[in-house]
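Biologist: Could you take me through one part of this model up close? I'd like to hear about the open sheet and whatever helps me place it in the rest of the fold.

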Amino acid sequence: MKVLVIGGGGREHALAWKLAQSPKVQAVYVAPGNGGTSMDPRLENVPIEGNVALRDWAIANKIALTVVGPEAPLAAGVVDEFQAHGLRVFGPTQAAAQLESSKAFSKAFMKRHGIPTAEYETFSDPAKAHEYVDRKGAPIVVKADGLAAGKGVVVAMSTAEAHEAIDFMLLDNKLGVTHNEGGARVVIEEFLQGEEASFIVVCDGKSVVPLATSQDHKRLKDGDLGPNTGGMGAYSPAPIVTPAIHARAMREIIIPTIKGMEKDGIPYTGFLYAGLMIDRDGHPKTLEFNCRMGDPETQPIMMRLKSDLYDVLHAAAGQQLGDMELQWDRRTALGVVMAAAGYPLSPRKGDAITGLPKPTDEAVVFHAGTTRKGDDIVTSGGRVLCVTVLADTVKAAQAHAYEIAQGIHFDGAQYRHDIGHRAIKH
């Protein structure tokens, strides 16, 4: 079987790496891929973008399964395009992807179906938004309505910060948000206390198979300080998600979401990612939905997955998931993101990367913002690499990951030194 993975980041490198391990898969193509996928002899980069071009290429090359990595092509309807031509593709349709592409859609959906989430209001008028913040006070959360590559959320600890975020999103659009129909909108919601976890499942429209739990580190600097990023590291499993909380999240959030989407005539197939906030009493609330795997959570999750990923995604894309169960490595996987100089606001590109180790069963450096330039691998994006290791404990995984990271060099490289700190406290 030939498989196509759409995307070029760390998540796609990890998915392609795992798919290539299936005995049923003879070739894995990554469109457009990155420097890391170009170095793996089992993967082949395809320099194609755009729904129609990708669809034509998949037909011409007899692709048995296409897996869509990032949110932008999903929001642009790549799945609808493939399905209309009888191609098997794993990911939500454009309508279903609104759970991520429109914060306003997803909040209204949760309210309608009784899914626990923060109280909120939606605004397109800056004056009304400012008035609401003055009335509610801080801390408060301001979210851009459109796709913002994981960066369109400001957790404002003061009203001044909230007012600035509103102007930023509604008047200036400094975040490069892809606005939905009707122009710029913000969702303003109550600040939830607790600990965050990433709860990711595979869906086929009716059935759901949960993936291993994980936890992401969003802030740029140690101790969860500095600006929000796309994610500076992750580990799996997440001790905060106890068996009781896992059961509760499935019962109160995931199952009602899948049933609700089906009821609304928009069945959901694909990865569904619920960002959870878990309070002191173990009650999970939904911060947001993503319609794809998290990045960097994918990298540790794929390191731990023992089952054949091709089987799972092929079954889900054909609505045949049933009660499939996945097998997991009992060890901890931990990934440290190495980011470019200037990330997240203005990442520098073109720095040569040296000291990349050969992958082993216990350690793989997944590439995200890299490209091949002659014989060199150079930086080409904000988050450059994710050093991912498997070990018996979080501490051992941490030690090994940082040992590898210290051996890799590119000018201005920045990374956190405390990935996994919450798991060590638990």
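Modeller: Here is the sheet, followed by its surroundings and then the whole chain.

A word on ground rules: this is a predicted model, where local features need pLDDT of at least 70 and side-chain atom pairs count only at pLDDT 80 or more, while totals for chains, interfaces and linings use all residues. Residues are numbered from 1 along each chain as its sequence is written, and side-chain values use heavy atoms, with hydrogens and water left out.

Now the sheet itself. It is open, has 5 strands in the order β12-β15-β18-β23-β20, and its pairing is antiparallel. At the edges sit β12 (215–216) and β20 (363–367), each pairing on one side only. Strands here are DSSP runs of E, at least two residues long, and helices are runs of H or I of at least four, both numbered from the N terminus; two strands pair if DSSP finds at least two bridges between them.

Look next at β18 (residues 332–339) and β23 (residues 383–391), which pair in the antiparallel sense over 8 bridges. Across that pairing, Val-337 stands opposite Cys-386 in β23. Cys-386 has a relative accessible area of 2%, so it is buried (buried means under 20%, exposed over 50%, partly exposed in between, with a 1.4 Å probe and protein chains only). As a reminder, side chains in a regular strand alternate between the two faces of the sheet.

Just ahead of β18 there's a tryptophan to click on: Trp-328, in the loop between α12 (309–317) and β18. Leaving aside residues up to four places away in sequence, Trp-328 touches Pro-210, Leu-211, Ala-212, Ile-301, Arg-304, Leu-305 and Lys-306, where contact means heavy atoms within 4.5 Å. For scale, its C-alpha atom is 33 Å from that of Arg-55, a residue 273 places away along the chain.

Another antiparallel pairing to look at is the hairpin of β16 (residues 269–278) and β17, joined by 6 bridges. Gly-275 stands opposite Glu-288 in β17. There are 5 residues between the two strands, and Gly-282 takes a positive phi near 80 degrees in this hairpin. Strand β17 (residues 284–290) is mostly covered, with 6 of its 7 residues buried.

What about disulfides? A search of the whole structure finds 0, taking a disulfide as a pair of cysteine sulfur atoms within 2.5 Å. Cys-203 is in none, and the nearest cysteine sulfur, that of Cys-291, is 11 Å away. Cys-203 also counts as buried, at 0% relative accessibility.

Aromatics do better: the whole structure has 6 aromatic pairs. One of them brings the ring centres of Phe-123 and Tyr-132 to 5.1 Å apart with planes at 50 degrees, so it counts as tilted. The rule is that rings of Phe, Tyr and Trp (its six-membered ring) pair if their centres lie within 6.5 Å, with planes under 30 degrees apart called stacked, over 60 edge-to-face and the rest tilted. Both Phe-123 and Tyr-132 are buried.

Zooming out, the protein has 14 helices and 23 strands, and buried residues make up 58% of its 426 residues. Its C-alpha trace spans about 60 × 45 × 40 Å along the principal axes. Among contacts between residues at least 6 apart in sequence, 69% join residues at least 24 apart.
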